[in-house]
Amino acid sequence: MDRRRPSCSDSLPRSEAQIRLCPEKFDESSADDGPKLAPVDGGFQAWMFLAACVMIEALIWGFAFSFGVFQKYYHDHEAFQDSSMVAVIGTCATGISYLSCPLVIIAMILLPRWGRWFSSVGLIIMCLSLAAGSFSTNVTHLVLSQGVGFGIGGCIAYSPSILYMDEWFVNRRGLAFGITWAGSGVSGIIFPIGLENLLGRFGFETTLRVISVIVFLLAAPFIYFHRPRLPVKRIVDYQRLNFRFLTTRIFCFYQLGNIIEALGFFLPGIYLPSYARSIGATDFLSSLTVTLLNLASVFGSVTMGHLTDRYHAITCITISTVGSTLSVFFLWGFSTSLPTLLVFSVAYGLFAGCYSATWAGMTHEVRRVDPSADATIIFGVIAFGRGVGNVVSGPLSEAILGPVTESALAGYGTGYGLIILCTGLSCLLSGASVVAHLC
């Protein structure tokens, strides 16, 4: 099936609506009577916009996904060790970032002249929240600062990546999103090591202050390029706030598979280190499991993003579903030694870590059924679905985690058996999206 956009008719008048529909038509080579815009799918400005997306993605999600390091520290800290809410900090940081995505994108559409500044405001909120968290004296303070505050700021900061990506990349949109998601994989390798050292040497107060400064210094130079390609609209385009696609069968199946996939996706990143220690791995080798998972997800995201530009979304989802399901059931489930577990980390990172890169393909297919739907609204709602799975997976995993024991049934016979089954079933049932092809 041809997934490329239909070409625009040259006989149509040049209007703002036409520019937004076919941005590839209006670049720096446009005639003098039309808007002179930067080219799409390449050029200095497009690549710098993508670099800004990668950096912001890396800083937000790399830090949020490294909360396991903080969780271990807080549980051992005298002021927080008796609290049962430590895990809520990390859940708020990631969950709120996902769940509030549609609201922030709608706000940007309703305030088009302010959209350019959302990433700046979000960055400031993130950094101030981390700095405020350094003065916390109880877990509630950390939940509000490192959790809620950082989550809200992170969502505001990265939402322009979703809203403006459609303007900068057309035929390479999937690849661009894949490269963006890969940013969190790279930082997922660096952040845990840095946080572990900082927490061990200086404590959480200094660590949060240092990270707030580092995040600002790294992101600030790229904020200028985190901007729209098309002229800013003077009036609100209410037609973009079209939610009829929510009732289409194709979207419902895609979203169902997306939520189910998220229910198990985050579990290996949380439990692999402790599982590795249960089979005799050292602290370094146990942390290596997550490092390899994040590293493999970088290559998986870029590759899958490239594939979504060329193949149907169902083909890409099937690759992710089959690869991740087999790796969980046959590698993690039967792993009794560290080498097998490390192979699983790589396989899971490659196939499960790339699932978000299929969102561009899902969005395209939903718009094929409902052309009036706005791509950024669809994307934001898909991110919301991932947030639902992320929030539910935390308490669900704690409820099904059993006592750590050795068993002849490998991983299935240990206290992690239900965790493994839950992860594998979520990978398998995420293939429910394939039904969308029949709609």
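In this predicted model, R240 and D374 form a salt bridge whose closest N and O atoms are 2.8 Å apart. The pair ties together distant parts of the chain: R240 sits in the loop between α8 and α9, D374 in the loop between α14 and α15, and 134 residues separate them. Both partners fall under the 20% limit for buried residues, so R240, with a relative accessible area of 12%, is buried, and D374, also at 12% relative accessibility, counts as buried.

The count of salt bridges comes to four. Another of them joins D166 to R173, again with the closest N and O atoms 2.8 Å apart. D166 belongs to helix α7 (residues 139-168), and its side chain makes a polar contact with the side chain of R173 at 2.8 Å. Both residues of this pair are buried; for D166 the relative accessibility is 15%.

A further salt bridge, between R368 and E365, has its closest N and O atoms 2.7 Å apart. Here the two residues share helix α14 and lie three residues apart, about one turn of the helix. An α-helix has 3.6 residues a turn, so residues three or four places apart point the same way. The surroundings of the two ends can be set side by side: E365 is buried, at 0% relative accessibility, whereas R368 is partly exposed, at 41%.

Helix α14 itself deserves a closer look. It spans residues 359-369, and because eight of its eleven residues are buried, the helix is largely enclosed by the rest of the structure. Those eight are W359, A360, G361, M362, T363, H364, E365 and V366. Their cover includes α8 (173-223), α9 (249-265), α11 (283-308), α12 (313-332) and α15 (375-400). Helix α12, one of these covering elements, also holds T325. This threonine is buried, with 7% relative accessibility, and, apart from neighbours within four places in sequence, T325 touches G424, C427 and L428.

Turning to the fold as a whole, the protein has 16 helices and zero strands. Of its 439 residues, 56% are buried. Contacts reach well along the chain: among those between residues at least 6 apart in sequence, 79% join residues at least 24 apart.

The largest nonpolar core contains 106 residues, and F63, Y74, Y158 and W332 have the most contacts inside it. In soluble globular proteins, nonpolar side chains tend to be buried together. For Y74, contacts beyond four places in sequence are made with F67, F80, Q81, V86, I89, L142, Q146, F204 and L208.

On the outside, the protein exposes about 18,600 Å², and carbon and sulfur atoms supply 67% of this area. A nonpolar surface patch of about 680 Å² is formed by L110, L111, W114, W117, V121 and Y238. Within the patch, V121 comes from helix α6 (residues 118-133) and is partly exposed, with a relative accessible area of 42%.

One backbone detail rounds off the picture. D41 has a positive phi of about 65 degrees although it is not a glycine. D41 is placed in the loop between α1 (16-21) and α2 (44-64), and at 14% relative accessibility this aspartate counts as buried.

How values were computed: Residues numbered from 1 in each chain as written. Predicted model: local features only at pLDDT ≥ 70, side-chain atom pairs only at ≥ 80, totals over all residues. Heavy atoms only, no water. Buried < 20%, exposed > 50% of the residue type's maximum accessible area, 1.4 Å probe, protein only. Helix = DSSP H or I, 4+ residues; strand = E, 2+ residues; numbered from the N terminus. Contact = heavy atoms within 4.5 Å. Patch = residues over 30% accessible without salt bridge, like charges linked within 9 Å, V, L, I, M, F, W, Y side chains within 5 Å. Areas by Shrake-Rupley, 256 points an atom, 1.4 Å probe, with all protein chains shown as cover. Salt bridge = Lys/Arg side-chain N within 4 Å of Asp/Glu carboxyl O. Polar contact = N/O pair within 3.5 Å; in protein donor to acceptor, adjacent residues only side chain to side chain. Core = buried A, V, L, I, M, F, W, Y, C linked by side-chain atoms within 4.5 Å.
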